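Me: I should like to go through the terms used for this structure one by one. Please set each value against its criterion before drawing a conclusion.

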Amino acid sequence: MRNFLLISIITALNSLFMASCHDSPDYSDTNLGNFDALADIIDTHYCFLEDKGIDWKATVAKYRESITPETSFIELFFICSQLLDELEDGHVNLTSRFATSYYRAWWTDYPQDFNLRTLEEYYLDFNWLSTSGILYKQLPGEIAYMYYPSFSSVISETSLDYILAILYNSRGLIIDIRDNGGGMLTNINTLVGRFIDKEITGAYIQHKTGPGHSDFSEPYPITYKPAEDWHIKWDGPIVVLTNRSCFSAANSFVAVMKNLPNVTIVGAKTGGGGGMPFTSEMPNGWGVRFSACPLLDADLKCIENGIDPSPGCEVHSPQEELAEGRDAILDFAIDMLKDNPLPFPDEEGEQDN
């Protein structure tokens, strides 16, 4: 799967290079030249203009009229940053020697629904195991729990074997990825491979084939394979916990997991981030990072704007309750799993209910 995903991404990005060969002006290193270069990069390469219904020409015109030859380079940076903020995309950044722009409202305008200190103190009792960036423990009531705060932490297959072996005799598994801002897509493969018994198509990727806002290739399937037979699998119920700060690779993980029959998504809608990022450069050397290749879920639906929880499972954890040691999202998941039978008989040979 890693090789297939890598080939898919390389193919998409190579096609992006090919699509960039359109007749564009040779922009000068002036205020207007740099602004126009940025506007053209987004116009011809950004992959969600049509999906988000953005009138890019009108948006560009609004900001362009504020630029004069006397505009300082710092003022120009902020004007360009405001232009990019109109895309409402956390994958879009403008980078200079003195600052990097970042659109934060994709998560700041929503409830946080999570507090790490509350989790550590009131649910993990400051006593947990950790490996490969994953905190894990069997909670009271024989509920297996894993907290994975970043897909930037590489998951070792051996470490995952130990985690699942230690948690195996549990009524269900909670995978908490709240506040996970993303990272490496290959970590999705490692996790998902432990929860499936056959190859699945879990997502699709497209690439731009030309400068038009709707110029895209046919979707390329992204498949996921089960882990090799000697690895430990989990075939029981799984609950994935989400909040608005689940972005990029975390968002993609939720999209894949939501289609598995034994998985329930509990919490808030994820933050989105469904585009493979790509970087270009303006005449003055400033770098611009943007979403270039859209990722789709197994039903060919765009995941840029986030993934909803499972029906009837939207739950929020108010800050005042978190401050008092209560996490409504985690409590909801525990209640869902607490009456499930254990996978192994007790000493009397009967299931412990």
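Reply: A salt bridge is a side-chain nitrogen of Lys or Arg within 4 Å of a carboxyl oxygen of Asp or Glu. The model is predicted, and by this rule the count comes to eleven salt bridges.

Me: What makes the contact of E142 and R171 a salt bridge?

Reply: The N to O distance between the side chains of E142 and R171 is 3.4 Å. The cut-off is within 4 Å, so the pair qualifies. This pair links distant parts of the chain, 29 residues apart: E142 lies in the loop between strand 3 and strand 4, and R171 in the loop between helix 7 and strand 5.

Me: Why is R171 called buried, and why is E142 called partly exposed?

Reply: Buried means under 20% relative accessible area. R171 has 7% and is therefore buried. E142 has 29%, which falls between the limits of 20% and 50%, so E142 counts as partly exposed.

Me: What makes D161 and R194 a salt bridge, and how do you know that D161 and R194 are buried?

Reply: The closest N and O atoms of D161 and R194 are 2.7 Å apart, and the limit of 4 Å is therefore met. D161 has a relative accessible area of 15% and R194 has 0%. Both values are under 20%, so both residues are buried. The pair also links distant parts of the chain, with D161 in helix 7 and R194 in the loop between helix 8 and strand 6, 33 residues apart.

Me: What makes K338 and D335 a salt bridge, and why are K338 and D335 called partly exposed?

Reply: The side chains of K338 and D335 meet at 3.5 Å, N to O, so the criterion of within 4 Å is satisfied. K338 has 42% relative accessibility and D335 has 46%. Exposed would require over 50% and buried under 20%, so both residues are partly exposed. Elsewhere, salt bridges that share partners join E157, D161 and R194 into one network.

Me: How do you know that strand 9 is mostly covered?

Reply: In strand 9, residues 263-267, five of five residues are buried. On one side these are V263, I265 and G267, and on the other T264 and V266.

Me: How do you know that strand 8 and strand 9 pair?

Reply: Pairing requires at least two bridges, and strand 8 and strand 9 have five, so they pair, in the parallel sense. The chain crosses from strand 8 through helix 9 to strand 9 in a right-handed β-α-β crossover. Within the pairing, I238 stands opposite V263.

Key: Residues are numbered from 1 along each chain as its sequence is written. This is a predicted model: local features need pLDDT of at least 70, side-chain atom pairs count only at pLDDT 80 or more; totals for chains, interfaces and linings use all residues. Side-chain values use heavy atoms; hydrogens and water are left out. Buried means under 20% relative accessible area, exposed over 50%, partly exposed in between (1.4 Å probe, protein chains only). Helices (H or I, at least four residues) and strands (E, at least two) are DSSP runs, numbered from the N terminus. A crossover is right-handed if, with the strands pointing away from the viewer, the path from the first strand over the helix to the second runs clockwise.
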